[in-house]
Amino acid sequence: VQPNNYSTFYDDQRQNWSIMFESEKAAMDFSKQVCIAKWNSSSVLESVLCQDLLLGEGQGVEAGDSLEVAYTGWLFQNNGLGQVFDSNVNKDKLLRLKLGSGKVIKGWEEGMMGMKKGGRRYLIIPPAWAYGAQGVTGRVPPDSTLVFEVEVTRVKLAKECSASDGLSVSSRDSPAPSPVPSSDGFSAD
């Protein structure tokens with residue numbers, strides 16, 4: 001995925017190709033279909049498959065960084081998207097999480113590494129990296145492969161910028177005491 005609705009890829013002969021799409025939506029839809037095709041053509045499905053839809057800006061996130069995320073999750077059924085089982089899109093509160101804290105499924109921890117603020121990514125997560133043989137009663141059947149579209153809306157890096165790198169951190173981005181323990185260091189705005 002490249003800026004300005006471009007995508008580039010290599011074919012089997014390592015020849016480089018570029019495609020320009022008429023809209024951001026068309027480019028993202030194409031990337032989603034590529035990800036699903038990669039999953040369906042893979043013989044070994046033991047790790048998370050990630051496909052960037054939009055790159056975002058700034059530094060890629062690492063373990064210890066706090067994120068605010070908009071997401072939609074689908075069950076992967078009949079070689080494609082099944083029903084939505086969870087989403088916080090169009091809701092008042094986005095998900096706040098600290099990467100590497102173990103509070104979300106392993107597939108998210110792995111699949112979101114390197115994402116940037118404003119970035120969107122498609123994740124296809126095998127059962128072992130999701131809810132496994134237990135599933136989630138009434139929502140996720142046992143041994144389900146899951147598909148998520150995730151968008152990072154805010155980032156708070158664990159390693160705050162130091163004076164030596166020439167960057168400063170505005171007071172709005174600095175951790176402030178909060179009565180809400182789940183704030184993960186985000187200010188109330």
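This text walks through a hairpin and a pair of cysteines in a predicted model.

We begin with the strands E4, which covers residues 66-77, and E5, which covers residues 80-87. These two strands pair in the antiparallel sense over five bridges, and in that pairing Phe 76 stands opposite Leu 81 in E5. Together E4 and E5 form a hairpin, with two residues between them.

The loop between the two strands deserves a careful look at its backbone. Most residues other than glycine have a negative phi. Asn 78, which is found in the loop between E4 and E5, has instead a positive phi, near 50°. Asn 79 also has its place in this loop, and its phi is likewise positive, near 65°. As for the surroundings of these residues, Asn 78 is exposed, with a relative accessible area of 78%, while Asn 79 has a relative accessibility of 55% and therefore counts as exposed, since the cut-off for that word is over 50%.

We turn now to the cysteines. The structure holds zero disulfides. Cys 35 is in no disulfide, and the cysteine sulfur nearest to its own, that of Cys 50, is 7.7 Å away; because a disulfide requires two cysteine sulfur atoms within 2.5 Å, this pair does not qualify. Cys 50, for its part, is also in no disulfide, and its nearest cysteine sulfur is that of Cys 35. Their accessibilities can be read in turn: Cys 35, at 0% relative accessibility, counts as buried, whereas Cys 50, at 31%, counts as partly exposed.

Terms used:
Residues are numbered from 1 along each chain as its sequence is written. This is a predicted model: local features need pLDDT of at least 70, side-chain atom pairs count only at pLDDT 80 or more; totals for chains, interfaces and linings use all residues. Side-chain values use heavy atoms; hydrogens and water are left out. Helices (H or I, at least four residues) and strands (E, at least two) are DSSP runs, numbered from the N terminus. Buried means under 20% relative accessible area, exposed over 50%, partly exposed in between (1.4 Å probe, protein chains only). Two strands pair if DSSP finds at least two bridges between them.
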